[in-house]
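Good morning, and thank you for coming. Please look at the model on the screen while I take you through a few parts of it.

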Amino acid sequence: MRALIRPRFLVAAAVAGVAAGLIGIAMALLLELFESLFYGLTHGGLLERLAASPPWRRVLAPALGGLVAGGLWWWLRATGGVTDVENAVADRSGEKAPRMGLARPFLDAVTQVLTVGAGNSVGREGAPRLAAGAVAARLTTRLGIGRAEGAILIASAAGAGLAAMYNAPMGGAAYAVELVMVSGMRRRGALVAVPVCLIATIVSWLHSHGRPTFEVASPGLSSGTALGLVLLVPVAAALGVGARALWSWMLAHRVRTLRWLPATIGAAGLVTGLVSLWVPAVVGNGRDAMEVALGTRVPEVSSDAAGAGAVLLLGVVVLKPVLTGLTLAAGATGGRLAPSLATGASAGTALAVVLHAYGVEVSVPALAMAGAGAVLATTQRAPVFGIVFTWELARTGAWTLVALLAVVLAATLLASPAWWHAAGSRLRASRAR
């Protein structure tokens with residue numbers, strides 16, 4: 001513990017936080033630049049750019065982005081690869097962190113952002129995590145910080161990169177502690193992750209101005225919404241388990257021949273572009289799909305129109321995980337946080353639309369946020385991160401936090417193999433009696 005309050009460690013933590021904040025800003029601006037280059041529109045979100053583009057451009061932009069990214073990853077991996085944050089933190093020898101360098105992680109991060117900016121279906125959050133972790137690794141080497149403390153700082157900086165990109169300091173800290181740090185360092189690590197993520201988030205306000213990622217009105221409590229949340233639990237658990245299993249299988253069978261990467265990632269982008277002609281919200285990392293889900297207003301029209309809206313949302317629920325898995329299997333590097341959020345939010349909103357069609361008054365934002373958090377927590381097997389990070393994305397009040405807490409914990413329990421094993425044991429015991 002004393003090592004964490006030494007002046008050189010405190011300086012390294014402060015610098016890492018500032019660097020993570022600046023990296024978050026740089027990656028956000030770079031994403032906007034790539035989107036404007038690939039879709040030819042300098043303003044608006046990805047869906048607005050998509051709507052203003054001709055069909056041929058919508059199809060070819062992800063393919064071209066995949067082709068270019070595949071060429072860059074071919075070179076990176078053929079010439080030694082990139083040490084990721086998780087390996088650097090888990091390495092007990094302390095040899096991997098000094099070998100991370102800066103140039104290769106930053107090039108990999110830029111390539112990830114390019115892939116997302118072109119419309120390919122992977123998360124962008126891996127880019128600031130990797131770049132911020134590389135900066136922290138360089139600081140630990142230059143300042144002579146010990147292996148254990150250095151690993152904590154690298155993990156904290158990775159979480160800070162995520163926090164800066166999404167204006168979610170506690171979510172970034174939860175990510176660092178729950179998902180990046182390994183056993184034995186989490187208790188001390190939390191004391192470092194929280195201030196580093198706070199520093200990074202404050203720096204990122206130079207770009208975000210402190211606004212939450214999603215502007216959503218605070219939902220109210222109703223009996224219909226409570227019913228919707230109960231029905232959402234098994235849906236979110238099944239989606240989370242299914243998406244995690246699909247992505248794990250795709251990663252285990254991903255393309256290994258490096259020279260094929262431009263063609264395979266480009267082909268995955270072409271498929272994504274073709275699908276976007278019918279379901280535009282599948283493109284990109286998933287932020288736009290979540291915005292669609294959160295911004296959906298339950299139509300005061302016929303049940304047929306409501307059904308059409310539900311079908312469109314269900315298209316995202318089914319296709320977003322599949323296209324993300326396809327892109328990963330093609331050899332791309334990218335995150336799975338935003339695709340998880342998009343899938344869960346779309347499922348929650350689709351359920352709200354269906355319930356409304358049957359006369360049940362529900363809060364769309366409440367079900368969308370709860371679905372997003374539950375699927376995220378299930379795919380990552382990180383309930384604390386799923387609750388805190390999702391709530392910080394919109395900061396929609398205490399009621400939403402309570403709903404998130406209840407749905408995420410219930411979905412996590414339902415998705416747990418241990419729960420099913422215990423339930424099976426109880427069932428067999430009751431039959432034996």
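I begin with a term. A residue is called buried when its relative accessible area is under 20%. In helix α9, the residues that count as buried are G189, V192, A193, V196, C197, A200, T201, V203, S204 and S208. Please keep in mind that what you see is a predicted model.

Let me first say how far the prediction may be trusted. The average pLDDT of the protein chain is 89, and 92% of the residues score at least 70. In the stretch 296-303, however, the pLDDT falls below 50. Beyond near neighbours in sequence, that stretch has eight contacts in the model. Where pLDDT is low, the predicted coordinates should not be read in detail.

Next, the overall division. The protein chain has a domain 1, covering 2-208, and a domain 2, covering 223-421. Between the C-alpha centres of domain 1 and domain 2 there is a distance of 23 Å. To their contact, domain 1 gives 39 residues and domain 2 gives 48 residues.

I return now to helix α9, which runs over residues 186-208. What do its buried residues pack against? They pack against α1 (7-39), α7 (147-166) and α8. A general point helps in reading such a list. An α-helix has 3.6 residues a turn, so residues three or four places apart point the same way.

Consider α8, residues 169-180, together with α9. Their axes come within 8 Å and cross at roughly 145°. The crossing is right-handed. On the α8 side, the contact is made by P169, M170, G172, A173, A176, V177 and E178. On the α9 side, it is made by R186, G189, A190, A193, V194, C197, L198 and T201. Sorted by class, this contact of α8 with α9 contains ten nonpolar, three polar and two charged residues.

The neighbour α7 offers a good example in A160, which lies in that helix. Is A160 buried or exposed? A160 counts as buried, because its relative accessibility is 0%, and the limit for that word is under 20%. Setting aside neighbours within four places in sequence, A160 is in contact with A20, V196, C197 and A200. Of these partners, V196, C197 and A200 are among the buried residues of α9. By contrast, A160 and L46 are 114 residues apart in sequence, and their C-alpha atoms are 25 Å apart in space.

From α1, I have chosen F34. F34 has a relative accessible area of 12% and is therefore buried. Not counting residues up to four places away in sequence, F34 touches V110, V113, L114 and G117. F34 and M250 are 216 residues apart along the chain, and 27 Å separates their C-alpha atoms.

What comes directly after α9? The helix is followed by H209, which lies in the loop between α9 and α10. The phi of H209 is near 60°, a positive value in a residue other than glycine. H209 is exposed, because its relative accessible area is 55%, and exposed begins over 50%.

We now cross to α10, residues 223-252, which packs with α17, residues 398-414. Here the angle is about 35°, and the axes lie 8 Å apart. The crossing of α10 and α17 is right-handed. From α10, the residues that meet α17 are T225, L229, L232, V233, P234 and A237. From α17, they meet W399, A403, V407, A410, A411 and L414. By class, this contact has eleven nonpolar residues, one polar residue and no charged residues.

In the loop between α16 (383-394) and α17 we find R395. Although R395 is not a glycine, its phi is positive, about 50°. R395 counts as partly exposed, because its relative accessibility is 32%.

My last residue is S276, in helix α11, which covers residues 261-276. The relative accessible area of S276 is 0%, so S276 is buried. Which residues does S276 contact, leaving aside neighbours within four places in sequence? They are L50, R58, V282 and V283.

That concludes my presentation. Thank you for your attention.

Key
Residues are numbered from 1 along each chain as its sequence is written. This is a predicted model: local features need pLDDT of at least 70, side-chain atom pairs count only at pLDDT 80 or more; totals for chains, interfaces and linings use all residues. Side-chain values use heavy atoms; hydrogens and water are left out. Axes are lines fitted to C-alpha atoms, for helices over the stretch in contact, and angles run from 0 to 180 degrees between N-to-C directions. Helices (H or I, at least four residues) and strands (E, at least two) are DSSP runs, numbered from the N terminus. A crossing is left-handed if the near helix is turned anticlockwise from the far one by less than a right angle, and right-handed if clockwise. Contact means heavy atoms within 4.5 Å. Ala, Val, Leu, Ile, Met, Phe, Trp, Tyr, Cys and Pro count as nonpolar, Asp, Glu, Lys and Arg as charged, and the others, Gly among them, as polar. Buried means under 20% relative accessible area, exposed over 50%, partly exposed in between (1.4 Å probe, protein chains only). pLDDT is the predictor's confidence in each residue, from 0 to 100. Domain bounds come from an automatic or database domain assignment.
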